[in-house]
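User: I would like to go through the aromatic and cation-ring geometry of a model, one question at a time. Please reason each answer through before giving the value or name.

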Amino acid sequence: MSGEIHINVGGTLFETKWSTLQRHCDTLLGSLTTTSEYYNKDKKQFFFDRNPELFNTILDFYRNGELHFPTHICGWNWKQELEFWRISVTDISECCYPKYIKYEKDQNLVNYIKNAFIVRTAEYQTHKVSCLAGIKQRIWLFLEEPTSSIAAKIFSIFYLLIVLLSAITPMLVTHPDLRQKHVDLDKLIYWVNLNGLNLWIDKENPKEVMFVTTVPPKWLKDLDLFITMFFSCEQISRFASCPRKKEFFKDWLNVLDIILFFAMWTIFIIDQSFDEKLLENYELLIFYSVCYCLVVFRLFRFFRITKQYSALRILLMSVKSSMKELGLLSITFLIFVLLFANLIYFAELRDPTTFPDMVIGIWWTVVTMTTVGYGDEVPKTALGRTVGSLCAVSGLLIIAMPIAVIAGKFNDLYEKNANREDFQKLHTIQKIGKVHPSNIMTLKQSLKNTHHLNTREMKSNADNKIFDVDM
């Protein structure tokens, strides 16, 4: 076919040549014939119900051989147009390709945030819900979703205080001024020798002596028991009300809670029944110490309240999405640590008082590259100080570059989440208050008055029998 072709796009008539369109035969326009479903025999033209403004760019692709996008059009529109006209993404010009993929990257980022903020709660039946199922549903919301009600928000604040208190109590136990004298060391040694026991205590170590001759005050023991019972009841209630028991064990916080549950009660049982055995059984002491160290990880329960504070959740998402950069940082850091450990060892080889082996060199390199500088090991020769200077500068450069990438991802996630929250608040106003911001107030003013509306919506969500709320 030759000559001219008339194309009607959304009511606007375009005219071009058959030879122009046939330059790209694998596209929709390049494969048009008069037998096509888009051909109007009466008007002798092809009709497409598409945006005529965008079609100018599509037609220029056939004329010039390159696809260039105007910047004021959303990337979603171009994605739909390319799919309809069967134009490959590889035909986009190099200068405009970043604009096209920016839409897909932004869309993936928005979907990533939405999936992270979806509240997936109890999957109860839509009808014939028992009273017990309703109670379990409310308990699950109360414990799992702080924004579901005012009571849940208050509980999350109280939960945070208990978590902080649980992190402080192990520190108070080790403070000498708070412990009460239980027995003199000489009497303890006499009693041990009298019973033919082996005492593992180093009398020259004041910390070991303190632990065996003093005990924590009663109020501190009662406080620790209260914390143990609180977390145990909270964990049992959370598991009992969880509608998906298999999914429960996929959350690392729940797994940590189970480990802490056994560790806390093991410590309690040993303190109550096997306290004297700790003096003679060194293996039991090691087991007791390991359990006590595990209890310190109760502080990780702080991450349960990330659902209430979106900025904190965004921070965790930024770290999670930057695992590739963190992995690259770790590998690069390890290579330079090994490099400078070798260099500093041979640079100080003639000095008998510094760096006896390369293991000490590794310690020195880590301390220097992270700009800590304890000063326990320092180079003394001119060559060693030169290596030390290079090591310090390299540490600054290696650590700074990936941190900038992570900070950039955090800014992107935070900005997208702020836009998502504003957009959701606007829809909340229109859905509940039947308000359109253009008729009553500006968007900024209306967002300031949506707090009570959000509260009402959260209460209504808590009463639903099936709910999968996108927070």
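User: Which residue lies over the face of Phe239, and at what distance from the ring centre?

Analyst: This is a predicted model, so the geometry here is computed from predicted coordinates. A charge counts as over a ring only if NZ of Lys or CZ of Arg is within 6 Å of the ring centre and within 35 degrees of the ring normal. Over the face of Phe239 the residue is Lys245, and its distance from the ring centre is 5.6 Å.

User: At what distance from the ring centre of Phe84 does Arg50 lie?

Analyst: For an arginine the atom that counts is CZ, which has to be within 6 Å of the ring centre. Arg50 lies over the face of Phe84, and the distance from the ring centre is 4.3 Å.

User: How many aromatic pairs does the structure hold, and how many residues apart in sequence are the parts that Phe14 and Phe55 tie together?

Analyst: The structure holds 33 aromatic pairs. In one of them, Phe14 and Phe55 are 4.8 Å apart centre to centre with 65 degrees between the planes, which makes the pair edge-to-face because planes over 60 degrees apart count as such. Phe14 is buried at a relative accessible area of 10%, and Phe55 is buried at 0%. Since Phe14 belongs to strand β2 and Phe55 to helix α2, the pair ties together parts whose separation in sequence is 41 residues.

User: Which residues does Thr228 touch, not counting those up to four places away in sequence?

Analyst: Thr228 lies in helix α9, residues 218-241, and is buried, with a relative accessible area of 3%. Leaving out residues up to four places away in sequence, the residues it touches are Met264, Trp265 and Arg298.

Technical notes: Residues are numbered from 1 along each chain as its sequence is written. This is a predicted model: local features need pLDDT of at least 70, side-chain atom pairs count only at pLDDT 80 or more; totals for chains, interfaces and linings use all residues. Side-chain values use heavy atoms; hydrogens and water are left out. Rings of Phe, Tyr and Trp (its six-membered ring) pair if their centres lie within 6.5 Å; planes under 30 degrees apart count as stacked, over 60 as edge-to-face and the rest as tilted. Helices (H or I, at least four residues) and strands (E, at least two) are DSSP runs, numbered from the N terminus. Buried means under 20% relative accessible area, exposed over 50%, partly exposed in between (1.4 Å probe, protein chains only). Contact means heavy atoms within 4.5 Å.
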